[in-house]
Each structure stands twice: as structure tokens, then as C-alpha cells.
Amino acid sequence: MNSPHLSKGSKEPPPLKGNKIRLYSNRFCPYAQRIALVLDAKKIPYEVVNINLSNKPEWLFDKVPGGKVPALEVENGEVLWESLIIADYIEDRYHQHPLYPKDPLQKAKDRILIEQFNRIINTMYRMMVSIGRMNINDDEVITKGLSTFEKELKDRGTPFFGGTKPGMLDLLIWPWCERADILKVFGNQHLLRRDRYKKLLEWRNQMSEEAIVKKSLLHSDYHIKYLQSYRAGMPDYDLILNSN
């Protein structure tokens, strides 16, 4: 997971053998973390090739349009991209440890919530690449979005959206919840008030203690240091290796 990030001029990994699959990833990419979480939850062995997103290897463009990450190379050498498509493929291809609800209606509702979470994702991304505090509209998007998920947890009456253990909805929104402390860098602690999001914050604490989450979990300090390097124009993808 914490291997060096390959860049232009690096050697292409050898072809896969047997039933192995390969995840083209980046240690600080939340979309790539989604796929690692899904693979770990379903207990599927895989290898990781980390990619320097600022200086991508030439051979990656031959595998994936635009050199996108995450990308999943499957047993026959074909490559899939786009995190939601990859997650659904994994769920359909590997039947052990199912992550979506069995009930088709509940599965559809979970998919709607995943789509709704995209508004929070887009707002957090704007926050990352901009300078200064978020504007009032951004505050409103995150507040309303989190309130939706707070209410959903209350209505379900379970520790996780997936019930007694994390399901697909939990895993696909987790990477951004792991990074929530980034908001503090911009003076937006008020967006994480415990009196407003008691259930969500309890959920966040429980998620961070799950074994499958711990495999890719990074402390907030790493996310903040990475963000600082990103905003300085020199993203330090190997920050973890350089810190050891």
C-alpha cells in the first residue's frame, strides 16, 4: 500500500499471472482508497502499483485513457476504471462477503445516497484547491449533505449504513470522512459539531476501528501535510515513505 509512486520513465510491471488482479492506485487518492476498501472487505488478494499523478508513467496511458487512477487490471489483462464502476464489478464478480443489501429497493436507495454524497465530494475538492475559507454556499452544501446522512443513520438504527458491519455505502463514502479533519485547516470546525452530527461522528469512530478500514487508514496529520504540499504545487505522494 505504501510502495513508491511510479513516474515517467519507470518500468512497466510484468503481466499478471494466475488469478491475480492489480490495482493502479495513489496513496492519497480517495477514489483509489474506495477500491482498496472494497477489495479488503471482500478479502480478495490483490497487488498495488502506486502512480505519481503529476508525472504519470508512459505505459499507464496504454492501459487507461488519460492514465486515470484508480484502475483495476483483471485476470485476463483487461483494465477497468472509474471507482463506482470498479466497485460494482468487484461486487458482481466476487460473491463472497456481499456488500450491497439483498433487497433491490434498499440497494437502489443506497446507490442514491452514494450519488448524493458526490455533492459533498465536489465541495471538499473545491476547498482543497482554493485558497482561504469556504464560501457560504459551500458551507450549506456540506451542512445539508451531512444532515442527510445523519438522519439516515438515525432512521436505520444500526451502527453502520450496512447494518452491523460496513457495507458498500459505508466504504464508498469513508475516504472523504477519513479526511474530514482537513476542514480544520480552513477554520471550518463548526461543520463537524457533535451536537449536530452525533450519529455520524460515532459512525466515523467505529469505522476507524474496523480491521478492513485500518489497512488503508492514514492519520489526519498525513492528509493535512499532503494537502499542504499539493497546494504548494509539489504534491508529496511519497510523504509516508519520506517520513520513515
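Helices (H or I, at least four residues) and strands (E, at least two) are taken here as DSSP runs, numbered from the N terminus. With that naming, Pro70 sits in the loop between helix H2 (58-63) and E3. The model is a predicted one, and this loop is a handy place to start looking at it. The peptide bond that joins Val69 to Pro70 is cis, with omega at about 5°. Most residues other than glycine have a negative phi, and most peptide bonds are trans.

Two loop residues also catch the eye for their backbone angles. Lys43, in the loop between H1 and E2, has a phi near 55°, which is a positive value in a residue other than glycine. With a relative accessibility of 56%, Lys43 counts as exposed, the cut-off for that class being over 50%. His97 belongs to the loop between H3 and H4, and its phi, near 50°, is again a positive value in a residue other than glycine. His97 comes out at 34% relative accessibility and therefore counts as partly exposed.

Gln96 lies in the loop between H3 and helix H4 (104-129). Gln96 is partly exposed, at a relative accessible area of 33%. Setting aside neighbours within four places in sequence, Gln96 touches Lys42, Lys43 and Ile44, so the contact list takes in Lys43, the residue with the positive phi. On the other hand, Gln96 and His5 are 91 residues apart in sequence and 31 Å apart in space, C-alpha to C-alpha.

Now for the sheet. It is an open one made of 4 strands in the order E2-E1-E3-E4, with mixed pairing. E2 and strand E4 (79-81) are at the edges and have a single partner strand each, so one side of each has no neighbour in the sheet. On average, and with direction ignored, neighbouring strands are turned by 20° against each other. Helix H3 (residues 83-93) packs on this sheet, where it touches strand E3 (71-73) and E4, and its direction makes about 125° with that of E4.

Strand E1 deserves a look from both sides. Parallel pairing links E1 (residues 22-25) with E2 (residues 47-50) over 4 bridges. On the way from E1 to E2 the chain passes through helix H1 (residues 30-41), and this β-α-β crossover is right-handed. Within the pair, Leu23 is opposite Val48 in E2, while Tyr24 is opposite Val49 in E2. The pairing of E1 with E3 is antiparallel, over 3 bridges, and here Tyr24 is opposite Ala71 in E3. Both faces of E1 are covered: Arg22 and Tyr24 are buried on one side, and Leu23 and Ser25 are buried on the other.

H1 also packs against other helices. Two packed helices are described by the angle between their axes and the distance between the axes. For H1 and H3, the angle is about 10° and the axes are 9 Å apart. H1 and H3 are therefore roughly parallel to each other, since angles under 35 degrees fall in that class. Tyr31, Arg34, Ile35, Val38 and Leu39 make the contact from the H1 side, and Ser83, Leu84, Ile86, Ala87 and Ile90 make it from H3.

The meeting of H1 with H6 has another geometry. Their axes come within 9 Å and cross at roughly 140°, so H1 and H6 are oblique to each other. The crossing in which H1 passes H6 is right-handed. On H1, the residues involved are Pro30, Tyr31, Gln33, Arg34, Leu37, Val38 and Ala41, and they meet Met168, Leu171, Leu172, Trp174, Pro175, Trp176 and Glu178 in H6. Tyr31, Arg34 and Val38 of H1 appear in the contacts with H3 as well as in those with H6.

H6 itself is well wrapped up. Helix H6 (residues 168-178) is mostly covered, with 11 of its 11 residues buried. Among them are Asp170 and Glu178, along with Trp174, Trp176 and Cys177.

Last comes Arg156, which is found in helix H5 (residues 136-156). Beyond its neighbours within four places in sequence, Arg156 is in contact with Gln106, Asp110, Leu113, Phe161 and Leu169. Leu169 is one of the buried residues of H6. Arg156 and Ala36 are 120 residues apart along the chain, and their C-alpha atoms are separated by 26 Å.

How values were computed:
Residues numbered from 1 in each chain as written. Predicted model: local features only at pLDDT ≥ 70, side-chain atom pairs only at ≥ 80, totals over all residues. Heavy atoms only, no water. Pairing = 2+ DSSP bridges. Right-handed = clockwise from strand over helix to strand, strands pointing away. Axes fitted to C-alpha atoms, helices over the stretch in contact; angles between N-to-C directions. Contact = heavy atoms within 4.5 Å. Buried < 20%, exposed > 50% of the residue type's maximum accessible area, 1.4 Å probe, protein only. Parallel < 35°, antiparallel > 145°, perpendicular 65-115°, else oblique. Left-handed = near helix turned anticlockwise from the far one by under 90°.
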